[in-house]
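Me: Could you take a close look at the ligand site for me? After that, I'd like a quick tour of the backbone oddities elsewhere in the chain.

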Amino acid sequence: MKTFIPKELDARQRSQFLLGAIGPRPIAFVSTLDKEGRPNLAPYSFFNIFSSTPPVLIFSANSRLREGKPKDTLQNVRETGELVINMITFAMARQMTLAGLDYEHGINEFVKAGFSPLASQQVKPFRVKESLAQFECRLLEIKTLGEQPGAANLVIAEVIVMHFDERIIDSDHKIDPYQLDLIGRLGNYYYTRVQGDCIFEIVQPRSSQALGMDGLPESIRTSRILSGQELAILAGQTQWPGKEEVEAYMKEEAVAGFLIALPVKQAARSEAIHRKIRALLKKETPAEALKLIAACGLTEA
Ligand SMILES: Cc1cc2nc3c(=O)[nH]c(=O)nc-3n(C[C@H](O)[C@H](O)[C@H](O)COP(=O)(O)O)c2cc1C
């Protein structure tokens, strides 16, 4: 491991390390109006949701590393108290970067980057029509974390209206990440697209009664074949199968065949069992993997 003390790095290096390692970050496309009513649009990836009741979004408009002039977004939000946060999809990515350039105050990034302004319902700033998820917000508070270049100004905003394109809402009334097709920010000029293999599901045990790693027999927990990820699937199960269930399982032809064919030597036997467990986990049948462990008499440490 290489270890660094942030204070000992120069500002640029510190920022490179932090922004490179902490990601992907969602990107808020923040639409505001200045006090003369001129539109402004800019991307902010120091951004997230922090509460759903009330619905609160926070992003940070940091003081510029070169000169301390506040970003237009910050100044506008401070003056008007209203903003719209639009999520950025893959189809919007290139144009979004045009809106992220440092234009003079008063320049309309909707025009510069070619996005379509759409009237909001409860606030004056426009929504971005091309965005599939748009949040009309009111400012709750601005929290400034220092005066030095790079210091954060946390813009804490409450969502008062949300708009979702019909295409991103599935039949269960949930947001479908494949349809939303968001991008995220990584370090340097890297981005990620939330699509394809980038999306996977981990169905968590609903109960807090999961076996846990410490609930697995030691010979399994210390397996040289099963990975931490695989052990976690077993540990996420809520209970061991009952005696009768295991007995019935052992009588199944394929299982009985497997048990009889197990090598006598401990190391080889153990390897065969662990490989079989892995195969069952690959088939997404963890409950059967527990039955196998029990059938092999391994439930005791
Ligand atoms: C993808 C992306 C993410 C960004 N995230 C941030 C951020 O979180 N905080 C920040 O201060 N600047 C961020 N920037 C830079 C601002 O967008 C840039 O300084 C912009 O000119 C600010 O515009 P404004 O002055 O109209 O608010 C980001 C730029 C890009 C392209």
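Reply: Here is the ligand site, followed by the backbone. A word on the ground rules: this is a predicted model, so local features need pLDDT of at least 70, side-chain atom pairs count only at pLDDT 80 or more, and totals for chains, interfaces and linings use all residues. Residues are numbered from 1 along each chain as its sequence is written, and side-chain values use heavy atoms, with hydrogens and water left out.

Let's start with the shell. The ligand is surrounded by 21 residues, and Y44, S45, F46, N62 and T73 are the closest (a residue is near a molecule if one of its heavy atoms lies within 4 Å of it). Sorted by class, nine of the shell residues are nonpolar, six are polar and six are charged. For that sorting, Ala, Val, Leu, Ile, Met, Phe, Trp, Tyr, Cys and Pro count as nonpolar, Asp, Glu, Lys and Arg as charged, and the others, Gly among them, as polar. Strand β3 (39-44) and helix α2 (72-80) each give at least two residues to the shell, and the largest share, four residues, comes from β3. Helices (H or I, at least four residues) and strands (E, at least two) are DSSP runs, numbered from the N terminus.

Now the polar contacts (pairs of N or O atoms within 3.5 Å; within protein, one must be able to donate a hydrogen and the other to accept it, and residues adjacent in sequence count only if both atoms are side-chain atoms). F46 uses its backbone: an N or O atom there lies 2.7 Å from a ligand oxygen. N40 brings a polar side-chain atom to 2.9 Å from an oxygen atom of the ligand, and a side-chain N or O atom of D102 is also 2.9 Å from a ligand oxygen. On its own the ligand would expose 640 Å², and the protein buries 90% of that; these areas come from the Shrake-Rupley method with a 1.4 Å probe, and for residues only the protein chains shown count as cover.

On to the backbone. Most residues other than glycine have a negative phi, and most peptide bonds are trans. Against that background, the bond from G23 to P24 is cis, with omega near -5°; P24 sits in the loop between α1 (11-21) and β1 (25-26). The bond joining T53 and P54 is cis as well, omega about -5°, and P54 belongs to the loop between β4 (47-52) and β5 (55-60).

Two non-glycine residues have positive phi. N188, at about 45°, is in the loop between β11 (183-185) and β12 (191-193), and it counts as partly exposed because its relative accessibility is 46%. E284, with phi near 60°, is in the loop between α10 (266-282) and α11 (286-295); at 67% relative accessibility, E284 counts as exposed. The cut-offs are under 20% relative accessible area for buried, over 50% for exposed and partly exposed in between (1.4 Å probe, protein chains only).

Back in the loop between α1 and β1 you'll also find I22, which is exposed at 52%. Its C-alpha is 30 Å from that of D214, 192 residues away along the chain. For contrast, look at V128 in strand β8 (residues 127-128): at 0% relative accessibility, V128 is buried.
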